[in-house]
Amino acid sequence: MKRKGQNPGQTAKNKRVKLKSLNHLITCKLCKGYLIEAATVTECLHTFCKSCIVKYLETKNTCPDCGILIHHSHPLHYISLDRTLQDVVYKLVPNLLQREREREEKFYRRRGLEPPNREDSATEKFHTAGGATAASSNAAACGAASTSSAGYQRVGNHSNGDSGVDDADSRHRPGITSEAANNYHRGGEQVSLRLVTAEPELKQIDRMFVRLSTLATVTHVKKYIAMQVFEDASRFKEIDITCDNQLLGKDHSLKFVIITRSSRPQPLTLHYCMKLQF
């Protein structure tokens, strides 16, 4: 049923909005353009273009939006690519991805270089020999938000794939050197966890106290529990983890969990149970 005053083709479940009404959510505070390779500061969860925040943190160690101290000496270690948000930006802004690819190719070809392999670009590290060149390329390619701000675009739901997160994925996060990856980040920030079963019928693991890198995700913890309980890490999808009776997302880093529950003392208690049915 069409409501009074509703535009043709518009329904209650599928509403059209002006793209400019979303600009403050999908633009970079540094370059004022649409986010390109969105990178989030884990300390405060503010997001910028990867090239913009990398260049900014060459001389500063605070968030350019809120001013919070990211890290005294290694602020680049505390930013992470937000692929989900970047996918949303590309879906919302017409032809943004295509224009970005064209600008990037022109940038490299003008300098007599081959454009990077697109399969590797999503996991490009910040501390590589070509990092400065890539950052300059992305900075030149940031789209101007005002170009398409008056246009309309359909807003829909975006779903992520259910691919498991493994150790290899964490080693490709921005700001992580190969040396840090090889020693499993033992020299970085650590968090102490206390893992407790929430169901009497689910085995309490013997090694309930663990200490690991804050770069680890909830999925890593699930795999550890699955290995201890089922002796099969591949069954990690059968387990859910909660903190303060709140379900933790599989891609949440432990750093994020700590930030959102800063009042909780360490070791941080996490409860595990069989997958919740909603």
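## Close-up views of a predicted chain

Among contacts in the chain between residues at least 6 apart in sequence, 63% join residues at least 24 apart. Keep that in mind as you look through the views below, and remember that this is a predicted model.

**View 1. Welcome to the whole chain.** Here you meet 10 helices and 10 strands. Of the 278 residues, 39% count as buried. The chain exposes about 16100 Å², and carbon and sulfur atoms supply 50% of that area.

**View 2. Strand E6 and its two partners.** Strand E6 covers residues 190–197, and 7 of its 8 residues are buried. Strand E7 (residues 209–213) pairs with E6 in the antiparallel sense, over 5 bridges. To find this pairing, look for valine 191, whose bridge partner in E7 is leucine 212. Strand E10 (residues 268–274) runs parallel to E6 and is joined to it by 5 bridges. A handy landmark here is threonine 197, with tyrosine 272 as its bridge partner in E10.

**View 3. Two aromatic rings and a charge.** The structure holds 1 aromatic pair. Phenylalanine 107 and tyrosine 108 form an edge-to-face pair, because their ring planes stand at 85°, with the ring centres 5.5 Å apart. Are these two residues buried or exposed? Phenylalanine 107 has 6% relative accessibility, so it counts as buried. Tyrosine 108, at 9%, counts as buried too; the cut-off for buried is under 20%. Arginine 111 joins the scene, with its charged end over the ring of phenylalanine 107, 3.8 Å from the ring centre.

**View 4. Another arginine over a ring.** In this close-up, arginine 235 lies over the face of phenylalanine 230. The distance to the ring centre is 3.9 Å.

**View 5. Inside the largest nonpolar core.** This core has 30 residues, and the members that touch the most others are Ile53, Val89 and Val93. Which elements each supply at least two residues of this core? They are strands E2 (38–41), E3 (47–49) and E4 (79–81), together with helices H2 (50–56) and H3 (83–92). Leaving aside residues up to four places away in sequence, valine 89 touches Ile26, Tyr34, Leu35 and Leu96. As background, nonpolar side chains tend to be buried together in soluble globular proteins.

**View 6. A second, separate core.** This core of 23 residues includes Val191, Phe230, Phe236 and Val257. Two of these names may ring a bell from earlier views: Val191 has its bridge partner in E7, and Phe230 has arginine 235 over its face.

Definitions and conventions:
Residues numbered from 1 in each chain as written. Predicted model: local features only at pLDDT ≥ 70, side-chain atom pairs only at ≥ 80, totals over all residues. Heavy atoms only, no water. Buried < 20%, exposed > 50% of the residue type's maximum accessible area, 1.4 Å probe, protein only. Helix = DSSP H or I, 4+ residues; strand = E, 2+ residues; numbered from the N terminus. Pairing = 2+ DSSP bridges. Phe/Tyr/Trp six-rings, centres within 6.5 Å; stacked < 30°, edge-to-face > 60°. Lys NZ or Arg CZ within 6 Å of the ring centre and 35° of its normal. Core = buried A, V, L, I, M, F, W, Y, C linked by side-chain atoms within 4.5 Å. Contact = heavy atoms within 4.5 Å. Areas by Shrake-Rupley, 256 points an atom, 1.4 Å probe, with all protein chains shown as cover.
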